[in-house]
Every structure is written in C-alpha cells, then in structure tokens.
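Reader: Could you take me through one part of this model at close range? I would like to follow a charged side chain and its partners, and then step back to the chain around them.

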Amino acid sequence: MAESQEQHSSTLSLERTPNVATVPTRARTRGRFGRRLWQYRVPLAFALPGLAFYLLFYYVPLLGNVVAFQNYLPFLGFLHSDFIGFSNFTALFHDQLFWKATINTLEITVLQLVLYFPAPIVLALLLNAVTSNGIRRVVQSIIYLPHFMSWVVVVILFQEIFGGSGLLDQYLRNHGNQNPINLMTDPRFFKALLTVQVIWKDTGWGTIIFFAALVAIDISLYEAAAVDGASGMRRMWHITLPGIRPIIVLLLVLRLGTTLSVGFEQIVLQEPSVGAKAGQVLDTYVYFNGIVGGNWGPAAAVGLMKGFVGFILVITANWAAHRLGEQGVM
Amino acid sequence: MSRVSTAQPLWAREHNRSFRIIKSLVITVATLLILLPFLNVVEISFLSTKELAEYTGSLHLIPHHLTLAAYRSIFHGGIVIRAMIVSIGVTLVGTALSLLVSIGLAYALSVSGLPGRKSMLMFVLLTFLFAPGIIPLYLTVNATGMLDTYLSLIIPTLLSTFNVVVLRNFFLNLPKELLESARMDGAGYGATLRTIILPLSKPIIAVIGLFYAVSYWDAFFNALLYINDTSKWPIQLVLNSYILQGQSLPNAIAQSAQSVNVTAPTEAIQMAVLVVSMVPIIIVYPFLQKYFVKGVLTGAIKG
C-alpha cells in the first residue's frame with residue numbers, strides 16, 4: 001500500500017502553523033477541516049459516485065448475509081424472517097450435494113493449477129524465442145483473441161466441435177462409429193473439458209504478463225552467458241526462468257487465494273448438461289439452490305462460508321507473497 | 001514485445017535445432033487450435049442445407065458456394081436484432097458511465113492533500129479481499145428496484161477495482177511539474193483533469209475502456225439473474241437459449257425466415273447469430289490491440 005509521502009508533509013504544515021499561536025479548540029479544528037473540505041470540494045465530488053458504488057454494491061450487500069442465519073422467506077424480507085441461528089450451516093453438513101460441490105471445486109482448482117497454470121509460461125518462453133517480430137506479432141494477436149469472447153461463445157465453439165452434432169461426432173459417425181461419445185455431456189470428462197476450455201481461452205492472454213517480465217531481464221546476462229559458452233537451454237534455465245520467477249510466484253500465490261472460485265459463468269452454462277453430481281461447484285450450488293431453488297438460507301450460508309474462507313485465503317496468500325519478497329495485491 | 005534491433009545477436013541465435021523445431025511446432029499448433037473453432041462456425045453460418053451435410057460429413061474445408069440465407073433471415077427482424085441493439089446500448093452507455101466514474105474516483109485518489117484520501121483508498125482496495133455473495137447482491141439489486149431494467153446490467157458492475165487502481169497509478173506517475181504549473185496558472189481541479197491529465201492518459205483510458213466494453217458485451221450471468229423479460233435480453237442470453245439450450249426463438253427467426261422465403265438450415269442460422277454477436281469485438285479489437293501490453297504492464301508493475 002504505497003501511499004505517497006508528500007500528502008503527510010502538506011497536512012502537517014497546514015496544521016502546524018496555527019497550532020503555534022493558539023490552542024486548538026474543537027470548533028476551530030472543525031472549521032479548519034471544513035475549509036479543507038471546501039478547498040478540495042471538486043475532487044471530493046469526483047470521488048463521490050465511485051465511493052457510493054462501492055458502498056452500495058460491496059459493503060451494503062455484506063449486511064444481506066444475515067439471510068444465512070434466517071429461515072428466509074422472500075415475501076417477509078430479511079427484516080421479518082425468523083432467525084434460526086446456525087441451523088442453515090448444520091443442515092449443510094448433512095447435505096451430500098454440498099460436500100460434492102466442495103470436492104468438485106477443489107478438484108477443478110487442482111486440475112487447473114497443474115494443467116492450466118504452466119501453459120502461459122511455456123507459451124511465453126517459446127514465443128519469446130521467436131526471432132521474427134512480424135510472426136510474433138501475428139501470433140500474439142491471434143492468441144489474445146479468445147480472452148475477449150464471452151463464455152457463452154466459447155461453450156458454443158466447443159459444442160460445434162465436440163458436441164452432439166459437432167464435427168467430431170459427424171466425422172466418427174461417417175467412419176463407422178455409430179454411437180460416438182459426446183464429450184460435452186459425459187460427466188466423466190466434465191472437469192477435463194472445463195480445464196481444456198480455460199486453457200483455450202486464456203493461455204494466450206496469460207502470456208502478456210510474462211512478456212513484461214521477460215523484457216525486464218538484463219540482456220547483458222545473456223551476452224555474458226553466451227560468451228561463456230552456455231547453450232540456449234542452459235541460458236533459459238539459469239537466466240530466463242530466474243528472471244520471471246517473481247511473477248510466477250506472485251500469480252501462483254494469488255491463484256491459491258481464489259481456490260474456492262472456479263469459472264462461474266463457464267460452469268453455470270454447462271452444469272445442467274452433466275448434472276449436479278459431476279458439475280456442481282460452490283458458486284453454482286448457491287445459484288441453483290438459492291436463487292433458482294428458493295432455499296435462500298442454506299445457499300446464503302454456503303456463500304458466506306465461501307466468502308469467509310476466501311477472505312482468509314487471500315489474506316494468507318498476500319502475506320505469503322510478501323514473505324517471499326514479492327509485491328502482493330495490497 | 002518489439003525488440004529494437006532486427007539483427008540477431010549471438011546469444012539469441014544459439015538455440016539448438018530440436019528446440020527450434022519444437023518451438024515452431026507448438027506455436028503453429030496453438031495458433032491453429034485457436035483459429036479453427038472460429039473458422040468452423042463462420043463457415044457453417046454460410047452453408048446451405050445440402051452443403052452443410054457435405055461439410056460435417058467429410059470435413060472438406062472449402063465449400064462450393066456460400067449463401068447469405070442465414071444472415072438474411074436474422075436481419076429480417078426479430079429477437080436477434082433487438083438483443084443486439086440492447087447489448088450495443090448497454091455496452092455504450094455502460095462503458096461511458098464506468099469510465100466517467102472510474103476517472104473521477106481515480107483522479108480524486110491521486111490528488112495530494114485530499115482530506116480522507118487514505119481512508120477512501122482503503123475503502124476501495126478492501127474490495128480486493130471480498131466479493132459480495134450472489135444472494136446478498138441479488139437482494140440488494142432487488143431492493144433498489146432495478147430488477148428487469150437495463151440499469152441492472154450496468155450499475156451493479158459499474159466499477160472494476162483493478163481498473164480504478166491502474167488509472168490511479170497512471171495519474172500518480174504523470175509529471176508533477178505539469179500539474180503544478182497548471183495549478184499556478186489558476187486552473188481548478190476540473191480544468192487540470194480536463195486539459196492536462198486526460199489528454200496525456202489517452203492510451204490507458206483506451207485500454208480501460210476496452211476492458212469495460214468487453215465485460216459489458218460478454219456479461220451473461222447478470223442478465224440471467226436480473227432480467228426476466230425476454231424483450232430486454234442482451235445478445236448473450238439469446239445465444240444461450242437459442243443455441244446452447246436449443247430453444248426456438250419466440251416469434252422471431254422462424255417467421256421472418258418464412259416471410260423472406262429462404263431456407264437456411266437451423267444450424268446455419270444459429271451460427272450466423274453467433275458470428276453476428278462476435279462482430280463488435282472483432283471490429284474494436286485491432287484498434288485497441290496496440291495499447292494492450294502498455295495497459296496490462298501499468299497494472300502489473302504497480303498492482
């Protein structure tokens with residue numbers, strides 16, 4: 001949290017001058033504060049709509065979490081619904097689908113950490129070794145593109161290849177396989193499918209941040225190593241990888257901080273076609289049970305627990321990033 | 001990232017041959033894997049019933065002739081056009097509002113000596129640590145009376161903290177002397193922002209604007225959650241119900257297709273809708289692409 005110093009010095013000098021002459025009274029302090037507010041009225045007014053947004057859509061909704069402790073009925077609202085203590089939470093522990101959703105969430109996180117996380121690093125290293133600027137630029141503009149497509153579009157693109165009447169299906173049918181597997185609706189492949197989609201959509205975009213780190217590496221290191229006879233692979237291992245290590249650690253730590261959040265829109269779109277057992281994660285549990293199913297209390301309880309654990313994880317991840325000598329988010 | 005010199009220095013040349021082959025192979029395959037799904041749907045959208053059967057049956061890539069029938073049936077009116085207009089409207093108004101409010105907040109948080117600046121910054125940054133849960137957020141939007149209005153597609157996602165922080169960092173890094181001389185010439189805060197800061201910040205504002213625009217255009221869940229009235233659906237919801245769920249569109253495509261007397265296969269019409277939904281992004285993409293790296297870098301360096 002790098003707050004600049006000059007703010008301190010200016011407030012100090014503003015306050016000190018009158019302090020020498022008189023003992024400040026409460027009224028005078030308020031008057032001075034009022035004058036400062038007036039002096040800065042324009043930027044303060046600029047800040048107001050943004051602050052109001054954060055208040056209304058981040059801080060006020062925190063209060064809505066009381067639903068987690070209620071037998072919430074929409075027509076009563078949370079002012080008149082009955083408080084039932086921790087019943088919603090204890091009920092969850094007997095709900096098999098809740099445990100299934102938790103396990104699914106963790107499995108997907110692990111799959112993506114192992115399979116998706118290294119992908120942009122590898123691609124960035126390979127692309128960085130491309131010596132033609134023209135080719136590199138063309139490749140970059142192609143691989144960034146999927147990041148800007150909505151999840152609905154991505155799922156449709158996959159459906160048209162792997163789905164029931166997709167290219168693969170038609171091809172297999174024409175080549176003697178009368179009952180090909182539908183990779184889009186087979187519960188066994190669902191988590192793999194999600195991971196492949198994430199890799200397809202975001203690997204290219206993910207390379208940008210590594211390029212930034214690669215450019216910052218001191219070229220003279222490479223020159224020195226080349227003069228000493230280090231091969232290309234050795235230079236990559238001893239210079240390039242250590243050079244991007246800080247950003248790798250930072251991204252890893254941040255990803256661990258969001259362990260409980262896995263592609264919400266992506267899964268909401270596709271969960272119905274494989275069923276809750278294979279596809280439900282914590283976020284979609286909240287949506288399908290709470291807003292669709294009307295079990296507001298238990299769903300809100302899941303949301304609150306997830307939010308709480310997520311908060312702890314982010315704080316821990318941020319702390320870990322600092323401990324490892326990286327910047328962290330705050 | 002562009003390198004300045006095009007000549008190959010010694011240290012960059014010496015990758016061995018197997019590495020070079022693997023590198024070219026991986027990059028070529030990756031690029032093709034990204035392009036092919038797009039080409040596939042674009043091609044299907046132009047096919048007639050007969051050609052479609054041939055295409056999917058044999059995977060031959062070049063069709064004999066293309067037809068615009070599918071596009072004609074979409075543009076004859078109906079829910080797709082309506083949804084496109086809704087999406088364009090929400091994206092334009094939303095992006096403008098988001099930029100306005102983000103710039104205002106980011107600028108205020110960069111003004112030195114602003115009373116309460118530190119607490120305000122904290123108030124904003126804390127939102128990195130928690131997300132409002134789905135249910136509390138839904139209840140809040142419900143309480144504000146925005147359900148089933150276009151406002152619900154804009155206001156609840158008005159700001160992205162990441163974007164605000166990136167903008168603020170950019171403003172903080174502008175040369176102080178410029179701002180001070182403007183102040184000494186008697187320019188107020190509003191005038192300084194308008195005449196000095198904004199002109200210098202065009203690239204970053206372009207990037208942030210793009211990020212906001214894309215997130216409005218792509219937003220699906222907001223609309224699913226807050227909009228019940230199908231006539232207010234944005235294009236992403238239409239894509240979902242018409243293509244993914246395979247529902248027929250209420251009094252839209254089927255009718256208009258009959259009235260113009262075209263016989264495009266359903267799949268071609270579906271893919272035409274998909275292609276139309278991607279067009280705005282494809283149009284904006286090249287213009288703003290050159291600013292991507294700069295914008296992401298600014299965010300990465302001082303996140």
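Author: Happily; here is a walk around one lysine, followed by some other pairs and the chain as a whole.

A word on the ground rules: this is a predicted model, in which local features need pLDDT of at least 70 and side-chain atom pairs count only at pLDDT 80 or more, while totals for chains, interfaces and linings use all residues. Residues are numbered from 1 along each chain as its sequence is written, chains are lettered from A and ligands numbered from 1 in the order in which they are written, and side-chain values use heavy atoms, with hydrogens and water left out.

Let us start at Lys191(A), which sits in helix H11 (residues 190-215) of chain A; helices here are DSSP runs of H or I with at least four residues, strands are runs of E with at least two, and both are numbered from the N terminus. Lys191(A) counts as buried because its relative accessibility is 17%, where buried means under 20% relative accessible area, exposed over 50% and partly exposed in between, with a 1.4 Å probe and protein chains only.

Who surrounds this lysine? Setting aside neighbours within four places in sequence, Lys191(A) is in contact with Asn104(A), Glu107(A), Ile108(A), Leu111(A) and Ala278(A), contact being heavy atoms within 4.5 Å. Leu111(A) is 80 residues from Lys191(A) along the chain, yet their C-alpha atoms are separated by 7.9 Å. The side chain of Asn104(A) makes a polar contact of 3.1 Å with that of Lys191(A). Such a contact is a pair of N or O atoms within 3.5 Å; within protein, one must be able to donate a hydrogen and the other to accept it, and residues adjacent in sequence count only if both atoms are side-chain atoms.

Side chains of opposite charge can pair when their charged atoms come close. Lys191(A) and Glu107(A) form a salt bridge at 3.2 Å, N to O, the rule being a side-chain nitrogen of Lys or Arg within 4 Å of a carboxyl oxygen of Asp or Glu. Glu107(A) lies in helix H6 (residues 96-116) of chain A and Lys191(A) in helix H11, so the pair ties together parts that are 84 residues apart in sequence. Unlike its buried partner, Glu107(A) is partly exposed, with a relative accessible area of 39%.

The structure holds four salt bridges over all chains. One of them joins Arg188(A) and Asp186(A) at 2.8 Å, N to O. Arg188(A) is exposed at 65% relative accessible area, whereas Asp186(A) is buried at 11%. Lys306(A) also forms a salt bridge, with Asp283(A), and their closest N and O atoms are 3.2 Å apart. Since Lys306(A) lies in helix H17 (residues 296-323) and Asp283(A) in helix H16 (residues 282-292), both of chain A, this pair ties together parts 23 residues apart in sequence. Both Lys306(A) and Asp283(A) are buried.

Now for the wider setting. Chain A has 17 helices and two strands, and 47% of its 330 residues count as buried. Of its contacts between residues at least 6 apart in sequence, 63% join residues at least 24 apart. Where chain A meets chain B, the rule finds zero salt bridges, but 13 residue pairs are in polar contact across that interface, both residues being at pLDDT 80 or more.
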